Amino acid sequence: MVPSLAVDLRVLEFVRLLFIHQSPNQTAWCDALETFLDGMRYKLTSKPSEYLRSWCPLCFGGNDWRNEVRVDHFSRPNIIVCIDACFTQKCSTNPRDATGSDPPNPTLSFFLPMADVNAMEDFVQRCRGEGRQARASRAEPDEDCYEEGMRVPVSVLNGCGDSFIAADEKREKASTRFFTDTGLMALLCRHDCVLWVANLTSAGEKQNYALAPLDRLFKHLPAQMTIGLLYDIGCQLERSCRKWKFMDDNTLSRIAFAVAVFHAYGHQWPCQIVYHPRNFLKPLIPSLCVSGFNQWLFVLDTQIRHLDSKSLQGFGHWLHRRWIHCQTKKNGALDSLHDLQVDEDMLHVEWKAQVDHQMKPTPHTNKEVEVITTVLALEKTLEAQEASIRELEMQLHTALGTEDKVNLQKMKKDIYLTVRLNALAVKTRIRDRLRQCKFELDRLERSYRATINAPPYAIMPHIIPCDGIFLLDVDDDIWQDVGLDDDTMAPPAWLSDDAIRNGIHLQLEVDWCVEEEARLMRERAVIQEWMLAEWGAIRGASNNAGKCSHVFPPSVSCG
C-alpha cells in the first residue's frame, strides 16, 4: 500500500517555529518561514512585478530588494514614490460637437480602469459612513490631543487642512459642466517614471483618486516591501487612512508618509518636522482638451511610454548628477559644522529636544480667551468713561457763566491749590492702602501658621534690600522672580544658542546627504545587476539565433 500522507520531520520543526515566534498572521508566517529556510541554506525570492521592473529597474530591479537603505542603524523605505493631481489635462464634454465616439485605445494603458476607481470611491464612502456612526457616540475632547496613530496634534492637522485647497474635496478645481474628465492623478517613482494614472471625473481632488493607484501599487509589491509616499497633503491622507480605516495596520506600517519640500511651507511647523522629507505633457493641453476620450487616453499613454523609455536611457547620467550634487551639499555642510566646533551628538540631542517640545499638544486656551475678553471689555469701558467725561465737561462749560469760567481757569493755574488737592488725594490713597495692607498681613500671618514644609525642590526667592530699592537698576533683585514661577531655568540651547540652531540645520543636511548616498549606492548596484541581466539575455538570444541558423535552412524563419 502507498501511504496517503508523508510528513517531513523538518516540516514539523517549521510548524513548531511558527507558533513559537508569535500569533498566526501574515507577518509571523513570513518571519518563521524565512528563519526556517535560512537554517536550511535556502532563500525565498520575492520580487516586484515584471511590470514595475520593466518601467524602473533602479527602484524595482536588482536581485534582492531586501538590501535595505540603512542610516545610523535605522531602516529607510525600500522605494520612494510620489502622487499628485494635475487639473490642466482635461477632456471636453462634447469636443467639436462630435456626434459619434472615437475608437477604443488598443494599446496597454497606464490608466487605471474606471471600475477600480469607482470601486475605491464606494469603499471610501462606506468606511466613512461606518466610522461616523462609531464616532457619533464618543464625545470630542475639550483639549488638544493626538489622534490614534498620529504623531502631530489635532490642532496642527486642522491647520494644515485649512491651508490647502487639496484637502477640501468639495472645492471645485475644474468644471464638470464643460469637462467629462477634469484632470489626472499620477503615481511616479523618484526617478520620474510614471507607474499608473487615474482619470479624474469630479470637480475636486477626492482621496479615492490617491488611494486607487496606491492599492494597485501594493498588489505589485512583495508583502514586506516598504514605500515612502510624497503627497502635498500627506498628513491629511495618513489621518484619513487611520481615522476611517482605509488601510489595515499592516499596510500602514509599510508606508512612510511625507510632504515634498515644494509644499512643506504651507504646513504647520510641527507637521513640517514630521512629514518633511515636472511636467513634459504641457504642450498637449490645448489639443487634448477637444479630443475624444479614447484618443485622449491613447495620446497620453504614448507620450508617457516615450518619456519613461527616455528616462531609462538616462539613468546613468541621473545617478552621476545626483551623486555630484549630494557630495557638494554634504561637503559644504561639513565645512560649516567644522567652523562651528559643536559636538555632533549634542546637536542630535538638542534636535530631539526641539522636536519633543514643539510636538506637544496646544495647552487649554480657555483662560487665555477669558483674559483677552476681559481686556477688550475694559477697553470698551474706558472708551465709554472717556466719552462720559467729555460730555460732563461740555455740560459744565454750558452751565457756567462767563465770570465762572474765568475763575475756573484761574483755579487750574493756581499752583498752591493744585499741590494741596494732590497731597490730599495722595494721603487718602495712602490711608486706603495701609488699611488693605493691614488686612493682607493678617491673612498672610494666618496662612503662614497653617503652612507645611516646602517641597525639597523649592527655591528660596532672593532677599530684596530696602536701601536703594527706588533706584531700579537693571541688575536689581526686584526684577528676578527666582523661586516664584515655574520657568526658573534658562531657555534651551536649541532656542537661545545661535551656534546650536545653525548646527542643527547643518547636521540635518549632513544626515539627509548620508541617506541619499546610501540610496544612490544601492541604485548603482541595482543598475549594474540590471545591465548584467540584459546583457545575458541578449547573449542568450544571439546564441540561440546562431543555433537556429545551423538547424534550419536559410529560407526557413526561426520565429
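# A tour of salt bridges, sheet and loops

Begin by selecting R239 and E147, whose side chains meet in a salt bridge, with 3.0 Å from N to O. The pair joins distant parts of the chain: R239 sits in helix 8 (residues 234-244), while E147 sits in the loop between helix 5 (114-136) and helix 6 (154-163), 92 residues apart. Are these two residues buried or exposed? R239 is buried, at a relative accessible area of 12%. E147 is buried as well, at 17%. Keep in mind throughout that this is a predicted model.

**The whole chain**

Zoom out and colour by secondary structure. The protein chain has 20 helices and nine strands. Of its 559 residues, 32% count as buried. The chain exposes about 37200 Å², and carbon and sulfur atoms supply 58% of that area.

**More salt bridges**

How many salt bridges does the structure hold? There are 14 salt bridges. For another one, select E516 and R322, whose side chains meet at 3.0 Å, N to O. This pair also links distant parts of the chain, with E516 in helix 20 (residues 498-551) and R322 in helix 14 (residues 315-340), 194 residues apart. E516 is buried, with a relative accessible area of 15%, whereas R322 is partly exposed, with 31%.

Now add R190 and E523 to the selection. R190, R322, E516 and E523 are linked in a network of salt bridges.

Next, go to the start of the chain and select D8 and R10. Their side chains form a salt bridge, again with 3.0 Å from N to O. D8 is partly exposed, at a relative accessible area of 34%. R10 is partly exposed too, at 47%.

**The open sheet**

Select strands 3, 6, 7, 8 and 9. In what order do the five strands stand in the sheet? They form an open sheet in the order 7-6-3-8-9, and the pairing is mixed. Strand 7 (194-200) and strand 9 (255-258) are the edge strands, each pairing on one side only. From one strand to the next, the twist averages 20°.

Look at strand 3 (residues 79-86) beside strand 8 (residues 227-230). These two pair in the parallel sense over four bridges. To find a point where they face each other, select I80, which stands opposite G228 in strand 8.

**Helices across the sheet**

Show helix 7 (residues 207-219) together with the sheet. Helix 7 lies across strand 3, strand 6 (183-189), strand 7, strand 8 and strand 9. Its direction is at about 145° to strand 7. Then show helix 13 (residues 293-313), which lies across strand 6 and strand 7. Helix 13 runs at about 160° to strand 7.

**Cysteines without disulfides**

Select the cysteines. A search of the whole structure finds zero disulfides. Why is C189 not bonded to C56? The sulfur of C56 is the closest cysteine sulfur to that of C189, but the two are 3.5 Å apart, too far for a bond. A disulfide needs the sulfur atoms within 2.5 Å, so this pair does not count as one. C189 is buried, with a relative accessible area of 0%.

Move on to C127. Its closest cysteine sulfur is in C241, at 9.8 Å, which is also too far for a bond. C127 is buried, with a relative accessible area of 10%.

**Two loops with a positive phi**

The last stop concerns backbone angles. Most residues other than glycine have a negative phi. Select K245, where phi is near 60°, a positive value in a residue other than glycine. K245 lies in the loop between helix 8 and helix 9 (249-252). It is partly exposed, with a relative accessible area of 48%.

Finish at Q341. Phi of Q341 is near 55°, a positive value in a residue that is not glycine. Where is Q341 found? Q341 is in the loop between helix 14 and helix 15 (344-358). At 71% relative accessibility, Q341 counts as exposed.

Notes: Residues are numbered from 1 along each chain as its sequence is written. This is a predicted model: local features need pLDDT of at least 70, side-chain atom pairs count only at pLDDT 80 or more; totals for chains, interfaces and linings use all residues. Side-chain values use heavy atoms; hydrogens and water are left out. A salt bridge is a side-chain nitrogen of Lys or Arg within 4 Å of a carboxyl oxygen of Asp or Glu. Buried means under 20% relative accessible area, exposed over 50%, partly exposed in between (1.4 Å probe, protein chains only). Accessible areas come from the Shrake-Rupley method with a 1.4 Å probe; for residues, only the protein chains shown count as cover. Two strands pair if DSSP finds at least two bridges between them. Axes are lines fitted to C-alpha atoms, for helices over the stretch in contact, and angles run from 0 to 180 degrees between N-to-C directions. Contact means heavy atoms within 4.5 Å.
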